[in-house]
Amino acid sequence: LKSGTTFEAACVAKVLPQLLVDFLPCDQILSQVLGEFVRIRYPRGSSQLMLRIIVEIIARISKDAELTTIGASTNNEKPDETVASEQAPAAARATVIRWIVFSLASFTALEPYHYCIWSITSLFIGVSKNPNLNCLFECSISKIEANEHLFLIAINDFFFNQNLDSELKELLLSAFEQTKSKRKSQLFTQVIQSCKN
């Protein structure tokens with residue numbers, strides 16, 4: 001993605017999510033792709049492409065977990081096995097959300113400021129369970145800019161609608177708490193206040 005042409009990068013981006021989901025465990029995929037995104041230095045066109053890949057991988061992980069559940073329910077399983085397979089999509093989603101929260105401190109430290117805000121906003125919109133917010137992903141990703149209003153909406157949606165347990169909520173808030181003193185904007189303070197209310 002970094003050294004190829006735009007066309008080559010787009011081709012790789014189309015097949016990479018499915019290849020990764022087919023051959024690697026969820027934790028390893030998320031560790032690699034989220035880490036790679038944070039290592040990309042602004043400005044690079046690959047930032048938008050990499051964020052698209054991340055959101056596509058997350059969608060495929062969830063979809064594969066649902067397909068596994070559907071396949072398992074048609075195989076005359078015992079009741080305990082059926083319950084376990086029905087929990088697979090929720091478990092896959094929980095793993096994804098946990099990795100995003102664990103990576104958030106790295107996202108809040110991204111420079112410059114507008115790139116940090118854009119990255120978090122686009123990621124949270126891309127993984128939102130709210131279809132109205134999720135449909136804004138392409139608009140959000142199309143131009144690297146800080147839309148503070150959309151940022152606050154995306155953070156609140158993520159905080160209140162992703163079924164975060166108290167530990168993950170504390171981790172999310174601490175990521176903003178640690179970085180707010182380094183930023184000149186009051187935006188991170190607003191995030192903390194809106195999530196605590």
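**Helices and rings, question by question**

Author: In this predicted model, the axes of α9 and α11 come within 10 Å and cross at roughly 35°. Here axes are lines fitted to C-alpha atoms, for helices over the stretch in contact, and angles run from 0 to 180 degrees between N-to-C directions. The crossing of α9 and α11 is right-handed.

Reader: How do you know which hand that crossing has?

Author: The crossing of α9 and α11 is right-handed because the near helix is turned clockwise from the far one by less than a right angle, while an anticlockwise turn would be left-handed.

Reader: And which residues make the contact of α9 and α11?

Author: Glu148, Phe151, Leu152, Ile155, Asn156, Phe159 and Phe160 of α9 face Leu187, Phe188, Gln190, Val191, Ser194 and Cys195 of α11, with contact meaning heavy atoms within 4.5 Å. By class, nine of these residues are nonpolar, three polar and one charged. Ala, Val, Leu, Ile, Met, Phe, Trp, Tyr, Cys and Pro count as nonpolar, Asp, Glu, Lys and Arg as charged, and the others, Gly among them, as polar.

Reader: Before we go on, what rules apply to a predicted model here?

Author: Local features need pLDDT of at least 70 and side-chain atom pairs count only at pLDDT 80 or more, while totals for chains, interfaces and linings use all residues. Residues are numbered from 1 along each chain as its sequence is written, and side-chain values use heavy atoms, leaving out hydrogens and water.

Reader: Thanks! How many helices and strands does the protein chain have?

Author: The protein chain has eleven helices and zero strands, both being DSSP runs numbered from the N terminus (helices H or I, at least four residues; strands E, at least two).

Reader: How are α10 and α11 oriented to each other?

Author: The axes of α10 (residues 166–180) and α11 (residues 187–196) come within 9 Å and cross at roughly 150°. So α10 is roughly antiparallel to α11, because angles over 145 degrees count that way (under 35 is roughly parallel, 65 to 115 roughly perpendicular, the rest oblique). The crossing of α10 and α11 is left-handed. Leu173, Phe176, Glu177, Thr179 and Lys180 of α10 meet Phe188, Thr189, Val191, Ile192, Cys195 and Lys196 of α11. That contact holds six nonpolar, two polar and three charged residues.

Reader: What makes α9 and α10 roughly antiparallel as well?

Author: Their axes come within 11 Å and cross at roughly 155°, and α9 and α10 are therefore roughly antiparallel. In this contact, Phe151, Ile155, Phe158 and Phe159 of α9 meet Lys169, Leu172, Leu173 and Phe176 of α10. The residues split into seven nonpolar, no polar and one charged.

Reader: Why is the aromatic pair of Tyr115 and Trp118 called stacked?

Author: Rings of Phe, Tyr and Trp (its six-membered ring) pair if their centres lie within 6.5 Å; planes under 30 degrees apart count as stacked, over 60 as edge-to-face and the rest as tilted. By this rule there are eight aromatic pairs. Tyr115 and Trp118 have 5.8 Å centre to centre and 20° between the planes, so they are stacked. They sit three residues apart in helix α6 (residues 113–126), separated by about one helical turn. Both are buried.

Reader: What kind of aromatic pair do Phe151 and Phe176 form?

Author: An edge-to-face pair: Phe151 and Phe176 have 6.1 Å centre to centre and 80° between the planes. They link distant parts of the chain, Phe151 in α9 (residues 148–161) and Phe176 in α10, 25 residues apart.

Reader: How do you know whether Phe151 is buried or exposed?

Author: Phe151 has 0% relative accessibility, so it counts as buried. The cut-offs are under 20% relative accessible area for buried, over 50% for exposed and partly exposed in between (1.4 Å probe, protein chains only). Phe176, also with a relative accessible area of 0%, is buried.

Reader: Then what makes Asn163 exposed?

Author: Asn163 has 68% relative accessibility and therefore counts as exposed. Asn163 lies in the loop between α9 and α10 and has a positive phi of about 55° although it is not a glycine. Most residues other than glycine have a negative phi.

Reader: And why is Ala105 called partly exposed?

Author: Its relative accessible area is 35%, so Ala105 is partly exposed. Ala105 is found in helix α5.
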